[in-house]
Amino acid sequence: MDPQHHWQQPPDQTGAYGPPPGQPYPPQQPYPPQQYPPQQHYPQQPPQQQPQQPYSAVPYNQPYSAPPQQQYQPPGPYQPPVPVAAPKRNRWFAALVISAVLLVIMAVAVVVVATTRGNDNKTPAAGGGASPSSSPKGPVDACLVGKWKQTSYQKKVELGGTDVGTREKLGTIEMNGGGKQWTINADGSAIEDDAKTVYSGKTPDGRTVTATFSGSTEWTLKTDGNQLQFAGKESTASVVISVNGADKGRIDLEPNLDPAKYTCTGDIWRTTSNSDPDSFSRFDRVK
């Protein structure tokens, strides 16, 4: 038999939809029992038993342990905040810094004192060297402090108003000379010594008139700008007038309080009259 026709249905004698009417269905052929290959039997291994570990869970029925309630504490009295103390520095470092500052201050003070003393000591030695416009520390210019000797003098002296001048008809005579000495202190006190003062001049008719002084006068001096102001305290000064070498009379002198212009530079002190610009006196410092 052709294998391709193995599954073809045989011709049906019953027609398309069963046997002819009136004929019964043919009996069904029983199907032969189906043969299956024998099943393979595998030996069954006994199940492996897992080692049982002891159960260590916490028992479920445990008492409830809620946290205890805290008791309410009423607030206490107000406490101000405590200031935090600054960290303490090394005491040795602080002492070292303070010592260094003190040394610097002392060094500056020594320099200032030395400079001041140097200037004070230098002023009298050089005759002050200060101009009259400089501000003196005391009532009198520091340049004038010291001992002075008059080396030149020039002034027109009016003798006509004195008894000697009237008798001798002397009138006004231009006098020249020197010898006066001054001692001036820093507080303004001064002494004018006329023990060696001598002036002389000539009358219009050629006579020689000599004025020889004696005595002394105490003064209180004050300088203001380039003005030297006088205040007389006590005087014993007098002058003897002689004509051609013969004494003609004595005149007691009164202190002249008129201010005078002055200049002082180093060891030279000069004075001039405010009313007579041609008159002058020069004094040199006595060393």
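Biologist: How many salt bridges does a search of the whole structure find?

Modeller: Happy to help, and please keep in mind that this is a predicted model. Side chains of opposite charge can pair when their charged atoms come close. Searching the whole structure for such salt bridges gives a total of seven.

Biologist: Which residue forms a salt bridge with K180?

Modeller: K180 sits in the loop between β2 (172-178) and β3 (181-184), and its partner is in strand β4 (residues 189-193), 12 residues apart. The closest N and O atoms of the pair are 2.7 Å apart. The partner is E192.

Biologist: Is E192 buried or exposed?

Modeller: Buried means a relative accessible area under 20%. E192 has 10% relative accessibility, so this residue counts as buried.

Biologist: Which residue is linked with K180 and E192 in a network of salt bridges?

Modeller: We have already met the pair K180 and E192, joined by a salt bridge. The network of salt bridges also includes D194.

Biologist: How many residues apart in sequence are the parts that D267 and R285 tie together?

Modeller: These two form a salt bridge, with their closest N and O atoms 3.2 Å apart. D267 lies in the loop between β11 (260-265) and β12 (268-273), while R285 belongs to strand β13 (residues 280-285), so the pair ties together parts whose separation in sequence is 18 residues.

Biologist: What is the separation between the C-alpha atoms of G165 and G249?

Modeller: G165 is found in helix α2 (residues 163-168), and G165 is buried, with a relative accessible area of 3%. Along the chain, G165 and G249 are 84 residues apart, yet the separation of their C-alpha atoms is 9.1 Å.

Terms used
Residues numbered from 1 in each chain as written. Predicted model: local features only at pLDDT ≥ 70, side-chain atom pairs only at ≥ 80, totals over all residues. Heavy atoms only, no water. Helix = DSSP H or I, 4+ residues; strand = E, 2+ residues; numbered from the N terminus. Buried < 20%, exposed > 50% of the residue type's maximum accessible area, 1.4 Å probe, protein only. Salt bridge = Lys/Arg side-chain N within 4 Å of Asp/Glu carboxyl O.
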